[in-house]
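Biologist: I have a chain on my screen and some questions about its fold. Can you take me through them?

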Amino acid sequence: GSVCLMAQHLHALKHGRTRSPSLSLSPLQHRCRPRGGGFQKSSKLFSSPSAASSSSPSSTTSNMFFVRTVLRRCLSPAETPGVLNRDAEETSMSKSEPEDAATLAKELNSAILNLEVECFADDGSGVDYAAVPGSDAFQTYTERTKALKNVSLDALRALSEDTQRCFWLNLYNALTVHGIVTAFAEAAEKKRSPPLSVLEIKDFWKSTAYDVGGVEFSLDDMEHGILRGNRPHPTQKGATHYFQPSDTEKLKLVLEAEPRIHFCLVCGAQSCPPIRVFVENNLERGLVAAARGFCQREVEVDESRNTVTLSKIFDWYGVDFGAPDTTKLLTSVLGYLPDKDAQRAKLQTLLDKHASPKVKYRAYEWRLNNKNT
């Protein structure tokens, strides 16, 4: 039924016969979702900078791509990459020589930096997914990820908080690339076209994982459980935490929440932040740069209409930035913009006037951040 509804909606979009798209996606809600965000049943799913009644070409194109993607995902899904640093015959009980956590963290960061040089766009906006499998840096990186299985979680927890945060930020982004490359390889093996979006890969954030210290950590685990301070996934309505009391080993690694991680985590979509590699001795500068760069691109203030347009990331993760209090949310945004930025000055004016500006969220571009497309 939902697939038929989507097909009908795609036809309507193509011929310009819809103004406020709204689909009932309950059968798909937990299968196709943005990084940390659940697809809602309302027209927020297709939100754009323009008013809800707008049918601009750009928003219509984005909506059509979304519907096509979900149709591809439902009718011919790419398989879940799974645990990517474990050989087929291995289990979480397989043991080898223990690895020093601090040394391995540095080695992985070094390998990711080399991968960045070989396969990422200079500005971090895209990845050459076709080149990744054949790169020496990727071979080195994937080989070293196997050592993650033999790290003591207690030793990892004993590292400085900045070192841990860098470790998980970099590991998340590299695992995202690893998962997408795996999906490309599977598609080639089965003589199918590669995914156009991570939304086409089954349970991508929930099931794409590494074995760390004998425990499986998915992308969702790394983001919501560890880096967001164990805050619930946006689809966990009514929940107070992401990890459960039974997740005893994972709970050891929960870090203090740092909202700026949202400007650092890359989900493989064009609307995601640029991919960067972070180092512990310069983490604060890296977080500041990531926040400024992202907000300069994504924040738009219209004083005449008393509106502020933001990335959907501020909608999905609003609680991390002070929502549902709009003033707190916008004050957080203000702090991320450079001092002399024009949008910052406009936003400061609206806040000083206590104008209660309306916040809008632009449509998210889910096309893959493929450097060659």
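What follows is a set of questions and answers on this predicted model.

Biologist: How many helices and strands are in the protein chain?
Modeller: The protein chain has 373 residues, and 54% of them count as buried. Among contacts with a separation of 6 or more, 73% join residues 24 or more positions apart. The chain holds 13 helices and 5 strands.

Biologist: Which residue of β2 is the bridge partner of Asp211?
Modeller: Asp211 sits in β1, residues 209-212. That strand pairs with β2, residues 215-218, in the antiparallel sense over 4 bridges. The partner of Asp211 in β2 is Glu216.

Biologist: Are the residues of β1 buried or exposed?
Modeller: Ala209 and Asp211 point one way from the strand. Tyr210 and Val212 point the other way. On both sides, the residues are buried.

Biologist: Which residue takes a positive phi in the hairpin of β1 and β2?
Modeller: The hairpin has 2 residues between its strands. One residue there has a phi near 60 degrees. That residue is Gly213.

Biologist: How many residues of α8 are buried?
Modeller: Helix α8 covers residues 219-227. Its buried residues include Asp220, Asp221, Glu223 and His224, along with Leu219 and Met222. They pack against α6, α7, β1, β2 and α9. The count of buried residues is 9 of 9.

Biologist: Which residue just after α8 takes a positive phi?
Modeller: The phi in question is about 75 degrees. The residue is Gly229.

Biologist: Why are α3 and α4 called roughly antiparallel?
Modeller: Helix α3 is residues 101-119 and helix α4 is residues 136-145; their axes lie 8 Å apart. The two pack at an angle of about 155 degrees. Angles over 145 count as roughly antiparallel. So α3 and α4 are roughly antiparallel.

Biologist: How many residues of the contact of α3 with α4 are charged?
Modeller: The crossing of these helices is left-handed. From α3 the contact takes in Leu104, Glu107, Leu108 and Glu118, among others, and from α4 it includes Asp136, Phe138, Tyr141 and Arg144. The residues divide into 8 nonpolar and 3 polar, and the charged ones number 4.

Biologist: Which strands stand at the edges of the open sheet of 3 strands?
Modeller: The order is β3-β4-β5, with mixed pairing. An edge strand here has a single partner strand, so one side of it is left without a neighbour in the sheet. The edge strands are β3 (300-302) and β5 (358-361).

Biologist: What is the average twist from one strand to the next?
Modeller: The sheet in question is the open one with the order β3-β4-β5. Its twist averages 20 degrees.

Biologist: Which residue of β5 is the bridge partner of Leu310?
Modeller: Strand β4, residues 307-310, pairs with β5 in the parallel sense over 4 bridges. Leu310 finds its bridge partner in β5, and that is Tyr361.

Biologist: Which helix lies across β4 and β5?
Modeller: The helix spans residues 326-336. It runs at about 60 degrees to β4. It is α12.

Biologist: How do α12 and α13 run, roughly parallel or roughly antiparallel?
Modeller: Helix α13 is residues 342-352, and its axis is 10 Å from that of α12. The angle between the two is about 150 degrees. The cut-off is 145, so the pair is roughly antiparallel.

Biologist: How many residues of the contact of α12 with α13 are nonpolar?
Modeller: α12 passes α13 in a left-handed crossing. The contact includes Leu330, Val333 and Leu334 of α12 and Leu347 and Leu351 of α13. Of its residues, 4 are polar and 1 is charged, while the nonpolar number 5.

Biologist: Which two residues does a cis peptide bond join?
Modeller: Omega at this bond is about 10 degrees. The proline lies in the loop between α11 and α12. The pair is Ala323 and Pro324.

Biologist: Is Asn306 buried or partly exposed?
Modeller: Asn306 lies in the loop between β3 and β4. Its phi is positive, about 55 degrees, although it is not a glycine. Buried means under 20% relative accessible area. At 21%, Asn306 counts as partly exposed.

Biologist: Is Ser356 buried or exposed?
Modeller: Ser356 is in the loop between α13 and β5. This residue also has a positive phi, about 50 degrees, and is not a glycine. With a relative accessible area of 62%, Ser356 is exposed.

Methods: Residues numbered from 1 in each chain as written. Predicted model: local features only at pLDDT ≥ 70, side-chain atom pairs only at ≥ 80, totals over all residues. Heavy atoms only, no water. Buried < 20%, exposed > 50% of the residue type's maximum accessible area, 1.4 Å probe, protein only. Pairing = 2+ DSSP bridges. Axes fitted to C-alpha atoms, helices over the stretch in contact; angles between N-to-C directions. Parallel < 35°, antiparallel > 145°, perpendicular 65-115°, else oblique. Left-handed = near helix turned anticlockwise from the far one by under 90°. Contact = heavy atoms within 4.5 Å. Nonpolar A, V, L, I, M, F, W, Y, C, P; charged D, E, K, R; others polar.
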